[in-house]
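I opened my notebook for a fresh look at this protein, and I am jotting things down as I go. Here is the entry point for anyone who wants to follow along.

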Amino acid sequence: MSGSGGASATHEAEPLRSTIIRLRGSHIRTFCLATSLCLAACDGDANDSSANRPPALPPGMQPPPRTNADARPPTVPFDTTAPRVSAHVIRSWPHDTAAYTQGLAMYRGHLLESTGRLAQSDVREVDITTGAVRRRAALLATEFGEGIAVVGNRLYQLTWQGGRGHVYAANTLTPIDSFSYSGEGWGLATDGRMLYMSDGTSRIRVLDPTGFHELRTIQVREADSTVWMLNELEWVRGELWANVYQTDFIARIEPATGHVVGWIDVGNLLTAAQRQDVARRGGVANGIAFDSVRNRLFLTGKLWPRLFEVDVAGIHGSGPRPRLRSGPAP
């Protein structure tokens, strides 16, 4: 290669060298800008513990918040030696298949029911024999109805995530008051004096109905394991009964200790075809009401086609099972 050829190559390389320098400068500016944005997303402090987290997703792309309902259902019963009985049906009647049953209660022989789902929630008085709604009070479209219980002549109703409950006149379902609480509301029951509230965990709160103050909590356990996803509650002959969400089991709980003293299997109440239809539409067992005056126990579920009267004496192991009857209740 001649000397003049080498000079020409050097001259032609100068524009290329300048281009590379400009590109490097552009990349550095881009990197600095990205770093600044990252620091801003981390409150501008690279030493903060949040600096290692990815930037927050923009609005509209945030994952939905987790709730107690997102937990994995427990594989109850945990203790194979615990008493376990299948619910024995005395009679059954039609139930509103659109009712997403969240709570069931008896008041002076009348069946009261709370239903859930946004823009569909209400509390209603139901004709036991026909399933027809006699009267109802609708909740706001933003409220998800939950458990109910009657103390005196006042009907208490929880909502799921709103932290606000409602009080009605039990005989007319006229709203008369409201109350607030922390966390989620699931099931509600009463022993005639105190209220018992579940929130989908293994904890049951004991509350004063006058001011809704928490008096104590009950940790529900079977053997060495906690029993979570406690849902609809009912006070039955000195025991607290709880539907375990997304299972076919009702836990019989000793209120003083929280120990599960037995299980009621309700998996036999629906036919195979009914179970398949209910599951397809998102329904599960939920709903316990005990008529202490006439010693009658009623069970149903979310979107279930039937309301069942079940032999309560057989569950407690005392007295013969009554014969299966049909038709209206006496």
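Which residue of β20 stands opposite A251? I looked it up, and the answer is W263. Before going further I remind myself that this is a predicted model.

**Entry: overall count**

I started with the inventory. I find three helices and 23 strands in the protein. The chain has 330 residues, and buried residues make up 45% of them. I also checked how far along the sequence the contacts reach. Of the contacts with a separation of 6 or more, 53% are between residues 24 or more positions apart.

**Entry: the sheet around β20**

Next I traced the sheet that holds the A251 and W263 pair. I read an open sheet of five strands, in the order β1-β20-β19-β18-β17, and its pairing is mixed. Its edge strands are β1 (84–86) and β17 (230–236), each of which pairs on one side only. On average, neighbouring strands here are turned by 25 degrees against each other, direction ignored.

I then took the two neighbours of β20 in turn. On one side, β19 (residues 249–253) and β20 (residues 260–265) run antiparallel and are joined by five bridges. Besides the pair I began with, I noted that F249 has D265 as its bridge partner in β20. On the other side, β1 and β20 run parallel, with three bridges between them. There I found V85 opposite I264 of β20.

How is β19 connected to β20? The two form a hairpin with six residues between them, and G258 in the turn has a positive phi of about 85 degrees.

I also wanted to know how covered β20 is. Five of its six residues are buried, so β20 is largely enclosed by the rest of the structure.

While in this region I glanced at G238, which sits in the loop between β17 and β18 (239–244). Is G238 buried or partly exposed? Its relative accessibility is 36%, so I list G238 as partly exposed, the class between the 20% and 50% cut-offs. I also noted E254, which is 16 residues away from G238 in sequence, with the two C-alpha atoms 7.9 Å apart in space.

**Entry: the largest pocket**

I moved on to empty space. Rolling a probe the size of a water molecule over the atoms shows where such space is left. The largest pocket has a volume of about 420 Å³. I count 22 residues in its lining, and those nearest its centre are M106, V150, T190, F290 and S292. The elements that give two or more residues to this lining are β3 (101–107), β7 (145–151), β11 (188–190), β17 and β21 (285–291). I was pleased to meet β17 again, as it is also an edge strand of the five-stranded sheet.

Which element gives the largest share of the lining? It is β7, with four residues. I looked at β7 in more detail and found it mostly covered, with seven of its seven residues buried. It pairs with β8 (residues 154–159) in the antiparallel sense over five bridges. Within that pairing, V150 stands opposite L155 of β8. β7 and β8 form a hairpin with two residues between them, and G152 in the turn has a positive phi of about 65 degrees.

**Entry: the cavity and R124**

How many cavities of 30 Å³ or more does the structure hold? I find one. The largest cavity has a volume of about 40 Å³. Its lining consists of P94, H95, D96, E113, R124, V126, G131, V133 and L307.

I picked R124 from that lining for a closer look. R124 lies in strand β5 (residues 122–126). Its relative accessible area is 9%, so R124 counts as buried, the cut-off being under 20%. What does the side chain of R124 make a polar contact with? I found the side chain of D122, at 3.0 Å.

Leaving aside neighbours within four places in sequence, I wrote down the contacts of R124: D96, A99, L111, L112, E113, T115, V133, R135, R136 and L173. Among them I recognise D96, E113 and V133, which are also named in the cavity lining.

Note on methods:
Residues are numbered from 1 along each chain as its sequence is written. This is a predicted model: local features need pLDDT of at least 70, side-chain atom pairs count only at pLDDT 80 or more; totals for chains, interfaces and linings use all residues. Side-chain values use heavy atoms; hydrogens and water are left out. Two strands pair if DSSP finds at least two bridges between them. Axes are lines fitted to C-alpha atoms, for helices over the stretch in contact, and angles run from 0 to 180 degrees between N-to-C directions. Buried means under 20% relative accessible area, exposed over 50%, partly exposed in between (1.4 Å probe, protein chains only). A polar contact is a pair of N or O atoms within 3.5 Å; within protein, one must be able to donate a hydrogen and the other to accept it, and residues adjacent in sequence count only if both atoms are side-chain atoms. Contact means heavy atoms within 4.5 Å. On a 1 Å grid over the protein atoms alone, a cavity is a set of points where a 1.4 Å probe fits but cannot get out, and a pocket is an open set with protein on both sides within 12 Å along at least five of seven lines; lining residues have an atom within 4 Å of a point. Grid points are joined across faces, edges and corners, and a volume is the space filled by probe spheres set on the points.
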